[in-house]
Amino acid sequence: MPLNPPEAPGPKTRLTDLAKQAGVSTATVSRVLNGKVGVASETRQAVLAALDVLGYERPEKLRNRSAGLVGLIVPELTNPVFPAFAQTIESMLSQRGYTPLLCTQSPGGTTEDEYIEMLLDHSIDGIIFVSGLHADTQASRTRYEQLRSRGVPLVFINGYAEDIDAPFVSADEVAAMELAVRHLVSLGHQRIGLATGPDRFITARRKLDGFADALHRHLRVDDVAPHVATSLFTVEGGQAAGGDLIDSGHTAIVCGSDLMALGVVRAAHQRRLAVPHDLSVIGYDDSPLIAFTDPPLTTVRQPVSAMADAAISALLTMIGGGAAPRSELVFHPELIVRNSTGASPDMRLHAAQRSS
């Protein structure tokens, strides 16, 4: 929609609407629309965003000229955490004047290597990989070595591989397991299981290591194998792994993803068990809309916005010719307690016996 459509209200009304949307004065809106100096970049960006939200076309002189192209490769969009990363990264890149090129994979579709070739054909300035093949210990790292030898700036999110010469940004999966297990132990659970993905993935392996450490620290469990079930990072995978753990007597299950947690809840319902009365469940990611499940899911939140900002800062530093640290920047997660965790059956029984 153009800025001055015939059916649109008058200029005064438009300035008022834009000012309200952007949270600034009409005078500030006017200065931005007329390209005047003396307006803070954040304020200017808020006014431009208001134009977009309200459906007005930006004046020609205000349209950003792209500073360059940045590739963003994510494994798939089925898991809500990947669209969350993609949306956050795309928004942050756009605010910095870069045009993001989103590449999403799907079974039988375009591969990561094919996307890399396509991005190179578009003369991209850098690439951000989110949970890509770098996180798979069985996958070759040659593709990344070749990119670095060509001078392409790279940044990786989740799945640290020390032999790749690039910055990494990760959530602390070991700390996540400590948070989850400690919470469940405080609720009286003694039989705690882990449903996670294949351990060839670095993220799954770290969760397993963290779970084993936490189980030993809090419950003095030395053999973690009977308490772990691996499957795919999907609802169906969680249902299968969760079913095994429920059938072997576990009263609480920590999951490698929110999708797996939903699968565990489904497995509980199939067995006529109530969550959290009979089984407590903890997810991982705090994906969008996960607070609205039934019951609302207790989960460990990845700090998506902070991780995305760190990844972009490292990439733009390299694009600008600076040196970014060739190491891993680790972000601490947060336990979000909702309604899928509760007191263990044993704790409730003891409480009932004491009160009788």
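The following paragraphs lead through a predicted model, from one buried strand to the salt bridges and then to the largest pocket.

Residues are numbered from 1 along each chain as its sequence is written, and side-chain values use heavy atoms, with hydrogens and water left out. Because the model is predicted, local features need pLDDT of at least 70 and side-chain atom pairs count only at pLDDT 80 or more, whereas totals for chains, interfaces and linings use all residues.

Strand 3 covers residues 126–130, and 5 of its 5 residues are buried. Helices (H or I, at least four residues) and strands (E, at least two) are DSSP runs, numbered from the N terminus. Buried means under 20% relative accessible area, exposed over 50%, and partly exposed in between, with a 1.4 Å probe and protein chains only. In a regular strand the side chains alternate between the two faces of the sheet. In strand 3, Gly126, Ile128 and Val130 point one way, while Ile127 and Phe129 point the other way, and all are buried.

Strand 3 has parallel partners in strand 1 and strand 4; two strands pair if DSSP finds at least two bridges between them. With strand 1 (residues 68–74) there are 4 bridges, and glycine 71 has isoleucine 127 as its bridge partner. With strand 4 (residues 154–157) there are also 4 bridges, and here phenylalanine 129 stands opposite phenylalanine 156. Helix 6 (residues 142–149) joins strand 3 and strand 4 in a right-handed β-α-β unit. Right-handed describes a crossover in which, with the strands pointing away from the viewer, the path from the first strand over the helix to the second runs clockwise.

A salt bridge is a side-chain nitrogen of Lys or Arg within 4 Å of a carboxyl oxygen of Asp or Glu, and the count by this rule comes to 13. In one of them, aspartate 136 meets arginine 200 at 3.0 Å, N to O. Aspartate 136 lies in the loop between strand 3 and helix 6, and arginine 200 lies 64 residues apart from it, in the loop between strand 6 (192–196) and helix 8 (202–219). Aspartate 136 counts as buried because its relative accessibility is 8%, whereas arginine 200, at 29%, counts as partly exposed.

Aspartate 165 and arginine 326 form another salt bridge, with their closest N and O atoms 3.0 Å apart. This pair links the loop between strand 4 and strand 5 (168–171) to the loop between helix 11 (304–319) and strand 11 (328–331), across 161 residues. Aspartate 165 is partly exposed at 41% relative accessibility, and arginine 326 is partly exposed at 36%.

A further salt bridge joins arginine 301 and glutamate 334 at 3.6 Å, N to O. Arginine 301 belongs to strand 10 (residues 298–301) and glutamate 334 to strand 12 (residues 334–336), 33 residues apart. Salt bridges with shared partners join Asp286, Arg301, Glu334 and Arg338 into one network.

The largest pocket has a volume of about 980 Å³. On a 1 Å grid over the protein atoms alone, a pocket is an open set of points where a 1.4 Å probe fits, with protein on both sides within 12 Å along at least five of seven lines; lining residues have an atom within 4 Å of a point. Of the 33 lining residues, Pro75, Glu76, Phe82, Ser131 and Phe201 are the closest to the centre. Helix 4 (81–95), helix 8 and strand 9 (280–285) each give two or more residues to the lining.

Definitions and conventions:
Grid points are joined across faces, edges and corners, and a volume is the space filled by probe spheres set on the points.
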